[in-house]
Amino acid sequence: MNDKTSQRIFVNQAIVIGVLCALTFPGCAQIATKPPELETKQQRDKRMAWWREARFGMFIHWGVYSVPAGIYKDKKIPGIGEWIMNRARIPVAEYKKYAKQFNPVKYNPDEWVRLAKEAGMKYIVITSKHHDGFALFDSKVTNWDVVDATPYGKDLLKGLAAACKKHGIKLGFYHSQAQDWCHPGGAASGGHWDKAQNGDMDKYIREIAVPQVREILTNYGDIAVLWWDTPTNMNKKRADVLRPLIHLQPGIITNNRLGGGYRGDFSTPEQHIPATGLDYDWETCMTMNGTWGYKSYDHDWKSTETLIHNLVDIASKGGNYLLNVGPTSEGLIPEPSVIRLKEIGKWMKVNGESIYGTSASPFRKLDWGRCTAKPGKLYLHVFDWPANGKLEVPGLRNKVKKAYLLAEKKHELAVTREDKDKVVITLPPKSLDAIDTVVVLEIKGKIKLRGETKTK
Ligand code: FHN
């Protein structure tokens with residue numbers, strides 16, 4: 001089969017699935033919007049524009065697992081906190097008891113959103129349901145949700161959606177579509193460990209996953225991102241019933257973890273930054289310590305310097321950074337996360353221009369740091385301040401208009417050209433910011449580099 005034939009078949013399938021979905025689910029009436037598979041490049045660019053501009057978002061992993069917080073029967077359970085039920089093989093009925101202690105009375109969604117905003121983040125993706133199957137929202141198809149199973153008794157996503165709207169932050173949902181360790185038929189990585197988990201996965205997809213995805217995409221206003229996760233035991237047939245639901249939110253952006261061969265809109269390197277970026281939209285998701293869900297004894301926090309360098313490194317390779325927080329069962333974002341986010345925010349306040357809406361570095365390697373770019377401007381992120389005060393920009397052939405520090409725009413820096421391919425900027429003796437001082441180099445025309453470096 002040639003490429004065109006397979007593309008035609010794929011498109012036909014997308015239409016058939018769309019029509020079927022519209023007939024099967026009344027909530028899918030808006031299915032008439034164009035599936036991403038049928039978009040032109042311009043339409044896709046338009047849909048992806050805010051996300052590419054944003055570069056920085058907050059991931060929130062929150063659920064009942066924040067109650068045991070990494071400890072079961074007085075033992076520290078190794079691994080990531082939200083997997084405690086799986087790792088410790090906790091029986092369903094026993095795990096469900098933790099919900100009785102999930103009472104986030106200190107939850108203040110407005111504060112969370114303001115914190116994300118202060119950090120310079122432009123969107124939030126929160127776990128509407130993680131692999132333990134517990135829904136942070138009022139789901140009509142189960143009692144295993146915050147409203148029915150906890151003393152708190154209120155939908156947690158409603159307030160967050162309202163706060164996001166108020167503060168102009170985009171909201172996305174992470175939804176574990178396949179793994180579900182508490183509803184019969186849900187998949188479990190490594191296999192089921194309690195017979196209460198056994199059941200028909202197709203039935204699970206039909207009766208839990210599909211209606212829940214419909215709920216999260218219908219009841220919370222504009223949803224900007226749907227973040228599928230771990231396509232354990234997913235196949236094309238199962239993915240095909242979930243996928244059309246995304247049209248309930250025209251313009252929504254989805255990741256590549258649905259399964260069934262769907263590529264989604266962006267790739268999702270996890271806990272690492274690809275060495276040279278990727279040739280497709282991408283977002284690195286990462287924890288600040290060693291866990292996504294709260295663990296009381298994980299104090300292995302990345303430094304603010306590492307987090308800022310990661311953000312810059314990612315932007316310099318054309319990606320987004322989705323940085324995680326794991327709130328406690330009381331509803332508090334751990335203090336070390338708050339401190340780091342505020343520090344990142346201070347840096348972003350001064351240097352955000354060098355991150356938002358930038359494109360990848362045209363340079364293959366820069367010994368002193370990283371580069372991000374906008375038309376006519378190179379943002380030189382100096383991690384290691386040169387001892388001789390001379391910042392070398394290798395391979396640059398463009399005429400330079402001027403150079404200055406982003407933090408002190410009025411203060412122009414002297415620029416010389418040592419040979420036709422090397423620009424040298426004279427820096428002040430000391431960096432303004434020990435983590436990353438940004439030097440702006442304004443250039444004429446499209447970036448032109450010497451042959452051995454990558455051109456854009
Ligand atoms: O199993 C999950 C894990 O708990 C966490 O949610 C991460 C975030 O990307 N995703 C899965 C592992 O890839």
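Is alanine 69 buried or exposed, and what is its relative accessible area? In this predicted model, alanine 69 is buried, with a relative accessible area of 4%. Alanine 69 lies in the loop between S1 and strand S2, which covers residues 71-72, and its phi angle is near 50°, a positive value in a residue other than glycine.

Glutamine 271 also has a positive phi, near 65°, in a residue other than glycine. The place of glutamine 271 is in the loop between strand S7 (253-254) and strand S8 (283-286). With a relative accessible area of 32%, glutamine 271 is partly exposed.

**Helix H11 and what covers it**

Helix H11 runs through residues 335-351, which makes 17 residues, and it reaches 24 Å from its first C-alpha to its last, close to the 24 Å expected at 1.5 Å a residue. Which residues of H11 are buried? They are Ser337, Val338, Arg340, Leu341, Ile344, Gly345, Trp347, Met348 and Asn351. When reading such a list, it helps to remember that an α-helix has 3.6 residues a turn, so residues three or four places apart point the same way.

The cover over the buried residues of H11 includes two helices and several strands named here: helix H5 (109-119) and helix H10 (304-315), together with strand S1 (56-60), strand S9 (320-325), strand S11 (377-382) and strand S17 (437-443).

One residue of helix H10 can be followed in detail, namely isoleucine 308, whose place is in that helix. At 1% relative accessibility, isoleucine 308 counts as buried. Not counting residues up to four places away in sequence, isoleucine 308 touches Glu343, Ile344, Trp347 and Ile435, and of these Ile344 and Trp347 are also listed among the buried residues of H11.

Strand S9 offers a second example, because asparagine 320, which lies in that strand, is buried with a relative accessible area of 0%. Its contacts, leaving aside neighbours within four places in sequence, are with Trp51, Arg52, Arg55, Tyr123, Trp282, Glu283, Thr284 and Ile314.

**The surroundings of the ligand**

How many residues surround the ligand? There are 15, and the closest are His61, Glu82, His131, Asp229 and Glu270. The residues of this shell divide into 7 nonpolar, 4 polar and 4 charged. The table gives distances from an oxygen atom of the ligand to an N or O atom in the side chain of each residue.

| Residue | Distance to a ligand oxygen atom |
|---|---|
| Histidine 61 | 2.7 Å |
| Histidine 130 | 2.8 Å |
| Tyrosine 174 | 3.3 Å |

The protein covers 90% of the 330 Å² of accessible area that the ligand has on its own.

**Residues in loops**Proline 386 lies in the loop between S11 and strand S12 (390-394). Is proline 386 buried or exposed? Proline 386 is buried, with a relative accessible area of 15%, and it counts as buried because this value is under the cut-off of 20%. Leaving aside its neighbours within four places in sequence, proline 386 is in contact with Leu391 and Leu427. Proline 386 and isoleucine 308 are 78 residues apart in sequence and 19 Å apart in space, C-alpha to C-alpha, whereas proline 386 and glutamine 101 are separated by 285 residues in sequence and by 54 Å in space, again from C-alpha to C-alpha.

Asparagine 143 lies in the loop between strand S4 (123-129) and helix H6 (146-149). At 57% relative accessibility, asparagine 143 counts as exposed, because the cut-off for that word is over 50%. When neighbours within four places in sequence are left aside, asparagine 143 is in contact with Asp148 and Ala149. The C-alpha atoms of asparagine 143 and phenylalanine 56, which are 87 residues apart along the chain, are separated by 34 Å.

Leucine 278 has its place in the loop between S7 and S8, where glutamine 271 is also found. At 40% relative accessibility, leucine 278 counts as partly exposed. Which residues does leucine 278 contact, leaving aside its neighbours within four places in sequence? They are Ser267 and Pro269. From leucine 278 to phenylalanine 266, 12 residues apart along the chain, the separation between the C-alpha atoms is 10.0 Å.

Note on methods:
Residues numbered from 1 in each chain as written. Predicted model: local features only at pLDDT ≥ 70, side-chain atom pairs only at ≥ 80, totals over all residues. Heavy atoms only, no water. Helix = DSSP H or I, 4+ residues; strand = E, 2+ residues; numbered from the N terminus. Expected span 1.5 Å × (residues − 1). Buried < 20%, exposed > 50% of the residue type's maximum accessible area, 1.4 Å probe, protein only. Contact = heavy atoms within 4.5 Å. Near = heavy atom within 4 Å. Polar contact = N/O pair within 3.5 Å; in protein donor to acceptor, adjacent residues only side chain to side chain. Areas by Shrake-Rupley, 256 points an atom, 1.4 Å probe, with all protein chains shown as cover. Nonpolar A, V, L, I, M, F, W, Y, C, P; charged D, E, K, R; others polar.
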